[in-house]
Amino acid sequence: MAETHRQAVVRVEGLSKYFGQGSARVNALLDINLEVYPGQVVGLMGPSGSGKTTLLNCIACILEPSRGRITLDGEVVYDDRWLKSDLRRLRLDKIGFIFQYPNLLPFLDGSDNVAVVLHLAGFGAAAAHGRAVELLDYLEVGHRKHAMPAQLSGGEAQRVAIARALANRPRIILADEPTAPLDSQRARIVMDMLRRIAVDQSAAIIVVTHDEMILDRFDHIFRLRDGRLVTDTVDRPPILEANVS
Amino acid sequence: MNLAYRDIKHNLLRFVLTNFGLSLLLGIVIVITGVYGGLIDDALRQARAANADLWVVEAGTNGPFAEASRIPGDTRELVSRVYGVERAGSVTYQSIQTELNGKPLRMFLIGFEPGRPGGPRNLLAGRDLLRSHYEMIVDRSAGLTLGQEVPLGTHGHMFTVVGLMRDELTASGDPVGYITLRDAQALQFELAPPAERREVARAGALQATDQINAVIAKVSPYVPITEVAGALSRWKHLTTLTQDQQETLLSKFVIEKARNQQRLIMVLLIIVSAVIIALIVYTLTMDKVRSIATLKFVGAPDRTIIGLIVQQALSMGIFGYFTGLALVLAFKPYFPRRLVLDPESVAAVFVITMVVCLVASTLGIRLALKVDPAEALSAAG
């Protein structure tokens, strides 16, 4: 990669993940190396069972790798073992996650679904609510801030979920098939939104997807097969100018 | 941001409906507490109503409530003459059942000597007994009214209700009635006319009717009760019990089985409540597995998740308890037994409910803490 002049926000080195032992051992990930830089939106692609979600879960500190090294925002969090005791706090501070389905809390309205992350991070009620409304407006869904999740359309709910992922200004945003439940037009809108966020927040965004229609929205595409990284394709030049909001 | 409150508000109808059943259960726990309190209170009132310092009963007995006691009617004269006895009165106790307007009427009749210890103390309405015969004062729970006539005894003498009392019941819940000693003795020993004729025909001696069940003595405030009791105990044909001993006999032994039954029912109900609360909390947690996984995924610490479940469990307990209490208070006047809900018992049930909720929530907490954050990644539920 040609990004050596800048520090990678996500750096994965020699990462492997095995399930089972002995002859029953399954190599879910084998010696994965990748780097994602600020302002980049990268795609993680591959057939089912290739290890995309496993890799995403390892980077999200949800799944413990078997060996290797993970560095997030300049901090080594895994080096053959977790180096941080409070992984949830690490996720809260550094990682925003966009799920395949919005996964909004059904008992909170739009703005509270965003504000809840800020509350968990220790923000006061007014500050959390203000930031939540600001994000919903930024994602053009501010008018639905009082709507309950059941009252939101798929696209609106996904934008609220994106707002929640951005709430704590994370340097890393992980998205698992964020466009899967959306039509192609809305999928492109969401991807454009992610590109804008990557630039505005100087964030590194990793998107797991099967959707070939949105390939042109990625700076890099990492392809996985049988747990191995088979290609590291640079599809377009990285966005070097980043506004940190 | 209170997640528990938001979740309850979001599913308010479900919360209310689910917990209404719990409130009925907790209401029954409160009722049993009231029945338990009423049982003890009624038993003690029965002894306290006599306002006695000493009870003189048949030798070797624990009468007159715990077992039968029969002593001669002139015992009162003997007791009155003992040094330290200020006043004394003869009393009889008997359960009777009569029929009024085609319905059975059970009462616990106390015969006393008007003007002497052993009579009713506080009247709710009406007056004391002024005539020597056929007047009575009863607890209002008997359903009688002032001036109403009630047939009593084998001869069907009509007794007129001249006074009403409140909360004067036996431990078994029967209303208490007061009549003169002479009337009470007549009711106890009077034979039905055919039986009386038979006794006369066989030239049998008619039973002496001047018998009483106990003598109640009031001791002078200047003489120790124990000293008077000691003097009375020298008569070998009598037994003397202090008021404390009488109350102990009533509250500990006479109603012991009933008390144990109530306690057992209460413990069983609390266990059932705990199981039901645990199941409700568990079910509510099951419904929120995805939300909990999402919260964990976005970084919520365990204390947030535990707080969510514990607060909901406590909310259930508070809602169920106060709704149950309100229902009990609303229907208390219509309950067939007197419920005594003293503040201590009511507070104790509340504390027990809260503890049960906390214990019951552990099942939900265990489930919630086991939820893998990765479940948030699974297909939408």
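In this predicted model, A:L44 has A:F222 as its bridge partner in strand β9 of chain A. That pairing belongs to a bigger pattern: strand β3 (residues 41–45) of chain A runs alongside β9(A) in the parallel sense, and the two are joined over 4 bridges. Strand β9 itself spans residues 220–225 and has two quite distinct sides. A:F222 sits on the covered face, together with A:H220 and A:L224. The uncovered face carries A:I221, A:R223 and A:R225. Reading along the strand, then, covered and uncovered residues take turns. This fits a general rule, because side chains in a regular strand alternate between the two faces of the sheet.

Over in chain B, the overall layout comes next. Chain B contains 11 helices and 12 strands, and its C-alpha atoms fill a box of roughly 100 × 50 × 40 Å along the principal axes. If its 381 residues were packed into a compact globule, the radius of gyration would be near 21 Å, yet chain B has 30 Å. Even so, 41% of the 381 residues count as buried. Contacts also reach across the sequence: of those in chain B that link residues at least 6 apart, 81% join residues at least 24 apart.

The chain is split into two domains. Domain 1 of chain B is made of two stretches, 3–43 and 257–377, while domain 2 of chain B covers 60–236. Their C-alpha centres are 48 Å apart. Where the two domains meet, domain 1 of chain B puts in 6 residues and domain 2 of chain B puts in 5 residues. On the domain 1 side, the largest share, 3 residues, comes from helix α2 (residues 12–48) of chain B. Sorted by class, that side has 3 nonpolar and 3 charged residues, with no polar ones.

One residue of chain B gives a closer look at the packing. B:N213 lies in the loop between β10 (211–212) and β11 (214–219) of chain B. Despite its place in a loop, B:N213 is buried, because 24 other C-beta atoms lie within 10 Å, and 20 or more are enough to count as buried. Leaving aside residues up to four places away in sequence, B:N213 touches B:G63, B:P64, B:S69, B:R70, B:V91, B:T92 and B:Y93. The fold also brings B:N213 and B:E58 to a C-alpha separation of 7.7 Å, although they are 155 residues apart along the chain.

How values were computed. Residues are numbered from 1 along each chain as its sequence is written. Chains are lettered from A and ligands numbered from 1 in the order in which they are written. This is a predicted model: local features need pLDDT of at least 70, side-chain atom pairs count only at pLDDT 80 or more; totals for chains, interfaces and linings use all residues. A residue is buried if 20 or more other C-beta atoms lie within 10 Å of its own, exposed if 12 or fewer, and partly exposed in between; C-beta atoms are placed from the backbone. Two residues are in contact if their C-beta atoms, placed from the backbone, lie within 7 Å. Two strands pair if DSSP finds at least two bridges between them. Domain bounds come from an automatic or database domain assignment. Ala, Val, Leu, Ile, Met, Phe, Trp, Tyr, Cys and Pro count as nonpolar, Asp, Glu, Lys and Arg as charged, and the others, Gly among them, as polar. The radius of gyration is taken over C-alpha atoms; the globule rule is 2.2 Å times the number of residues to the power 0.38.
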